Amino acid sequence: MSESYAFIGLGHLGGNLAASLLRNGFAVTVFDRDPTAVARLVALGATAASSPAEAAAGAGNAITCLPSPKVSEAVLAGPGGLLEGLPKGGTWIEMSTNGRDEIIRLAALASAKGVETLECPVTGGVHLAAVGKITALVGGDAALYERHRPAIEAMCAKSFLMGLIGSAAVIKVITNMLAFIHLVAAGEALMLAKQGGLDLAQSYHAIVASSGNSFVHETESQLVLNGSYDIGFTMDLALKDLGFALGMGKDFGVPLDLASRVHAIFEQGKEAYGGSAWSTQIVRLLEDSVGTDLRAPGFPAKLEI
């Protein structure tokens, strides 16, 4: 018999992850402050709850996918939170992106109430989450990972057990740091191509087939060339993750010159376009500075599989 799960946080990412669980036959009870997001999942077969505590009490295990450590702590340990509902021996699977210190501290709060924790942030983008092909980065006890592996594999095509709690936070922040560096670099590359008189679509495909390719160029550059920028991930979230990276750089004694510069560029992006603008719009800073856009026909408004 498969485990049952409460799922808290049904945003761009969480909604798709919860839908993958339902698609694969898991019993899922959901809670989100947005009633529209809840209704979407109920239409797919989920049960709605009135609080995280109620959802967790019914399911026995809980998954969260939330925008910040502050929100994660409130959902876990605040009034009406998961720790009021989860039974001893239940599991909290945290799929949000946290700093290492935050997830270690939150896991200790759960442990004090007899609840085990797996950190399970994901990487690859919302479009991959929509079809269950995203990658999970896992930190925690190996036996606990095996217990919940069916659910993790229902949501994610690949999963990597990185070590104890805190280890997944480190690799997740590293992968996001790389993604934002690659995004800024891809924008500069495309602008050089345009100003050099090249066809942008042909330049995109040439880079994909070159040693200069990256996952971010292959995916997010398409949204720049379309002009939608619609990656489902905001400037504020990018700045949060880059902040985690810079903090780890200080903690571990690693100078992060590129990450520091990219963090400053994203601060400019937030100032220019707002924290809720898509992170891909960072390339607009370059477009506005040069006075031309990066558009080419034949690219999608949203990423497709």
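Here are some exercises with worked solutions on this predicted model.

**Exercise 1. Check the span of helix α9 (residues 167-195) against what its residue count leads you to expect.**

Step 1: Count residues; α9 has 29 of them.
Step 2: At 1.5 Å a residue, α9 should span 42 Å.
Step 3: Compare that with the model, where the end C-alpha atoms of α9 are 43 Å apart, so the two values agree.
Step 4: Look just past the helix, where α9 is followed by Gly-197, a residue with a positive phi, near 85°.

**Exercise 2. Do the same for helix α8 (residues 142-155), then find where α8 has a kink.**

Step 1: With 14 residues, α8 is expected to reach 20 Å at 1.5 Å a residue.
Step 2: From its first C-alpha to its last, α8 reaches 19 Å, which is close to that figure.
Step 3: Now go along the helix to His-148, the site of a kink of about 60°. The proline Pro-150 comes shortly after this kink.
Step 4: List the buried residues of α8: Leu-144, Tyr-145, His-148, Ala-151, Ile-152, Ala-154 and Met-155. The kink residue, His-148, is one of these buried positions.
Step 5: For a bit of helix background, an α-helix has 3.6 residues a turn, so residues three or four places apart point the same way.

**Exercise 3. Decide whether Glu-119 is buried or exposed, and work out what surrounds Glu-119.**

Step 1: Place the residue; Glu-119 sits in strand β6 (residues 116-119).
Step 2: Take its relative accessibility, 2%, and set it against the cut-off for buried, which is under 20%. Glu-119 therefore counts as buried.
Step 3: Check the contacts, skipping neighbours within four places in sequence. Glu-119 touches, among others, Glu-94, Ile-103, Leu-137, Leu-164 and Ala-169.
Step 4: For a distance check, take Ser-68, which is 51 residues away along the chain; its C-alpha is 14 Å from that of Glu-119.

**Exercise 4. Describe the largest cavity and the residues that line it.**

Step 1: Recall the idea behind the search: rolling a probe the size of a water molecule over the atoms shows where empty space is left.
Step 2: Count the hits; the structure has one cavity of 30 Å³ or more.
Step 3: Size up the largest cavity, which holds about 30 Å³ of space.
Step 4: Name the lining: Glu-94, Ser-96, Thr-97, Asn-98, Ile-103, Glu-119, Pro-121 and Ala-169. Glu-119 from Exercise 3 turns up again here.
Step 5: Sort the lining by class, and you get three nonpolar, three polar and two charged residues.

**Exercise 5. Work out what the second largest pocket is built from.**

Step 1: Start with its volume, about 390 Å³.
Step 2: Pick out the elements that give two or more residues to its lining: α1 (12-23), α2 (35-43) and α7 (126-129). The top contributor is α1, with four residues.
Step 3: Look at the lining as a whole, which has 18 residues; His-12, Asn-16, Val-126, Ala-130 and Lys-302 lie nearest the pocket centre.
Step 4: Split the lining by class into nine nonpolar, six polar and three charged residues.

**Exercise 6. Find out whether Gln-281 is buried or exposed.**

Step 1: Locate Gln-281 in the loop between α13 (257-273) and α14 (282-290).
Step 2: Its relative accessible area is 12%, so Gln-281 is buried.
Step 3: Beyond its neighbours within four places in sequence, Gln-281 contacts Tyr-229, Met-235 and Tyr-273.

Methods. Residues are numbered from 1 along each chain as its sequence is written. This is a predicted model: local features need pLDDT of at least 70, side-chain atom pairs count only at pLDDT 80 or more; totals for chains, interfaces and linings use all residues. Side-chain values use heavy atoms; hydrogens and water are left out. On a 1 Å grid over the protein atoms alone, a cavity is a set of points where a 1.4 Å probe fits but cannot get out, and a pocket is an open set with protein on both sides within 12 Å along at least five of seven lines; lining residues have an atom within 4 Å of a point. Grid points are joined across faces, edges and corners, and a volume is the space filled by probe spheres set on the points. Ala, Val, Leu, Ile, Met, Phe, Trp, Tyr, Cys and Pro count as nonpolar, Asp, Glu, Lys and Arg as charged, and the others, Gly among them, as polar. The expected span of a helix is 1.5 Å times one less than its number of residues. The bend at a residue is the angle between axes fitted to the seven residues ending there and the seven starting there. Buried means under 20% relative accessible area, exposed over 50%, partly exposed in between (1.4 Å probe, protein chains only). Contact means heavy atoms within 4.5 Å.
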